[in-house]
Amino acid sequence: MIKMLENIFNLWLYTVDSLQCKGFGELKKTQRSFNSTLRANKGLKPVSKKQAKRNGELAKIEPPIDGKCQNCHELPDWRGLAKHHKTKRSQGGQDSPDNIIWLCGKCHSLFHGIKEC
Ligand SMILES: [Zn+2]
Ligand SMILES: [Zn+2]
């Protein structure tokens, strides 16, 4: 009877051990880092499917034809124009053209509360 309990206990230990099997976890980790290395080699940042879809939608939003900042109406410096969400995504803002404004580096910093010069 005690022998049987011991066997069950060993089996249980074995199961717990397999569930926490480090080998498998390590393998997955290696695979992940391999994937991101691949992406890094291509000059890409690792992105999720959701992020990829967002990027696709954002990419469809055309920059202003005159190439000027939509806030100060000046030509941008070396940083060029960047898309800025009028309503933050964290506040329910969408990746739609009416929620996107093209800003020069200076204005973009200002919009994010960073004061330059
Ligand atoms: Zn500007
Ligand atoms: Zn912004």
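**Figure 1. Burial and order of elements along the chain of the predicted model.** Of the 117 residues in the chain, 7% count as buried, a residue being buried if 20 or more other C-beta atoms, placed from the backbone, lie within 10 Å of its own. This is a predicted model, in which local features need pLDDT of at least 70 and side-chain atom pairs count only at pLDDT 80 or more, whereas totals for chains, interfaces and linings use all residues. Residues are numbered from 1 along each chain as its sequence is written, while chains are lettered from A and ligands numbered from 1 in the order in which they are written. The chain holds 4 helices and 2 strands, arranged in the pattern α-α-α-β-β-α; helices (H or I, at least four residues) and strands (E, at least two) are DSSP runs numbered from the N terminus.

**Figure 2. The pairing of strands β1 and β2.** Strand β1 (residues 81-85) runs antiparallel to β2 and is joined to it by 5 bridges, where pairing requires that DSSP find at least two bridges between the strands. Within this pairing, A82 has L103 of β2 as its bridge partner. In β2, 4 of the 5 residues are buried.

**Figure 3. The largest nonpolar core and the surroundings of W102.** The largest nonpolar core consists of 6 residues, C69, L81, W102, L103, C104 and C107, and strand β2 (residues 100-104) supplies the largest share of this core, 3 residues. Such a core is a set of buried Ala, Val, Leu, Ile, Met, Phe, Trp, Tyr and Cys residues joined through C-beta atoms within 7 Å. Leaving aside residues up to four places away in sequence, W102 touches P63, P64, C69, Q70, L81 and K83, contact meaning that C-beta atoms, placed from the backbone, lie within 7 Å.

Conventions: A residue is buried if 20 or more other C-beta atoms lie within 10 Å of its own, exposed if 12 or fewer, and partly exposed in between; C-beta atoms are placed from the backbone. Two residues are in contact if their C-beta atoms, placed from the backbone, lie within 7 Å.
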